[in-house]
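Trainee: I am new to this structure and would be grateful for a close look at a single part of it. Could you please take me through one place where two helices meet, together with its surroundings?

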Amino acid sequence: MKKNFVYSTAILFAGLFALSSCTIHQDAYSKRTVSVSGTGAVTLEADNATIILSVITKGKDVAETSSENAKKMTAVQDEIIKAGISKDCISTQNYSVYQESHYDQKTGRQIPDDYRVTNQIKILVKKISMVSDVIDLALKSGANQLSSLNYGVSDTEIAKKQARSLAIAQAQESANLLAGASGAKLGKVLSISEHADYSYPRAMLMKTANLDMASASEAVSTPVSGGSSTVTVSVDAVYQLK
């Protein structure tokens with residue numbers, strides 16, 4: 001009899017525990033919610049530019065070719081600094097030395113050619129009005145490859161805050177509309193996540209920089225224009241429905 005009583009008590013406790021667990025589980029998933037998204041975008045005028053250009057030299061002797069490259073790059077940097085660009089705004093992006101070759105069909109072998117030395121630098125121009133002059137000075141001084149020109153914005157924090165506010169307002173407006181359409185009232189926000197994106201324009205250069213440059217007297221000022229940058233913030237939010 002005692003044995004049966006023990007078994008009955010155990011079953012009773014097990015049943016109560018199962019009932020309790022089930023109730024808690026249901027409560028956790030019985031809340032009505034609505035998930036929404038919002039996006040805010042703020043456009044800013046670019047206030048700086050980054051130029052990447054190179055001095056490329058070729059020659060039979062690697063030492064002479066490297067020396068020629070160094071002289072030309074020194075001249076390029078000197079002219080840019082004279083124009084008003086700080087030394088801190090000029091940095092070496094890449095430096096390489098290698099020997100070119102070609103395939104000889106008669107012998108079936110790679111035949112060594114000239115050495116090619118490339119010195120690539122990055123220039124930060126903090127005044128948009130100086131971009132065209134910096135490019136022209138660099139090309140006239142010895143640079144013979146212009147890789148890219150990108151515009152940017154120095155401070156995006158204010159724009160990011162504005163875009164965030166717009167995104168949240170849009171998400172809340174959507175949540176209110178959905179809640180009202182379902183006959184409910186909007187409750188507190190349960191979760192919110194943010195995704196930011198920055199779009200910086202890349203300038204389209206009107207003049208191509210080649211290894212065979214025209215003489216300085218024939219050169220025409222490079223026409224470039226700054227663009228605008230867009231700061232975009234998206235949010236995903238979950239609201240409780242009452």
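Mentor: What follows concerns a pair of helices, the core that they help to build, and two residues in that region. Please keep in mind that the model is predicted.

The pair consists of helix α2, residues 62-82, and helix α3, residues 131-141. In general, two packed helices are described by the angle between their axes and the distance between the axes. Here the axes come within 8 Å and cross at roughly 150°. Since angles over 145 degrees count as roughly antiparallel, α2 is therefore roughly antiparallel to α3. The crossing in which α2 passes α3 is right-handed.

The contact can be followed residue by residue. From α2 come Lys72, Ala75, Val76, Glu79 and Ile80, and they meet Val134, Leu137, Ala138 and Ser141 of α3. Sorted by class, this contact of α2 with α3 comprises six nonpolar residues, one polar residue and two charged residues.

Ser141 deserves a separate look. Ser141 belongs to helix α3, and outside its neighbours within four places in sequence it is in contact with Lys72, Ala75, Val76 and Glu79. Ser141 counts as buried because its relative accessibility is 19%, and the cut-off for buried is under 20%.

The two helices also take part in the largest nonpolar core, which has 24 residues. Within this core, the residues with the most contacts are Ile51, Leu53, Ile85 and Ile123. At least two residues of the core are supplied by each of β2 (48-59), α2, β4 (109-125), α3 and β5 (145-152). The element that gives the most is α3, with five residues. For Ile123, leaving out neighbours within four places in sequence, the contacts are Ala49, Thr50, Ile51, Leu53, Ile80, Ile85, Cys89 and Val134. Two of these names have appeared before: Ile80 of α2 and Val134 of α3 are among the residues through which the helices meet. A second core, separate from this one, has 17 residues, including Ala159, Ala167, Val233 and Leu241.

Finally, consider Val117, which lies in strand β4. Val117 is buried, because its relative accessible area is 0%. Not counting residues up to four places away in sequence, Val117 touches Val55, Ile56, Thr57, Thr65, Ser66, Asn69, Tyr95, Ser96 and Val97. One of these, Ser96, is 21 residues from Val117 in sequence, yet their C-alpha atoms are 5.8 Å apart in space.

Methods
Residues numbered from 1 in each chain as written. Predicted model: local features only at pLDDT ≥ 70, side-chain atom pairs only at ≥ 80, totals over all residues. Heavy atoms only, no water. Axes fitted to C-alpha atoms, helices over the stretch in contact; angles between N-to-C directions. Helix = DSSP H or I, 4+ residues; strand = E, 2+ residues; numbered from the N terminus. Parallel < 35°, antiparallel > 145°, perpendicular 65-115°, else oblique. Left-handed = near helix turned anticlockwise from the far one by under 90°. Contact = heavy atoms within 4.5 Å. Nonpolar A, V, L, I, M, F, W, Y, C, P; charged D, E, K, R; others polar. Core = buried A, V, L, I, M, F, W, Y, C linked by side-chain atoms within 4.5 Å. Buried < 20%, exposed > 50% of the residue type's maximum accessible area, 1.4 Å probe, protein only.
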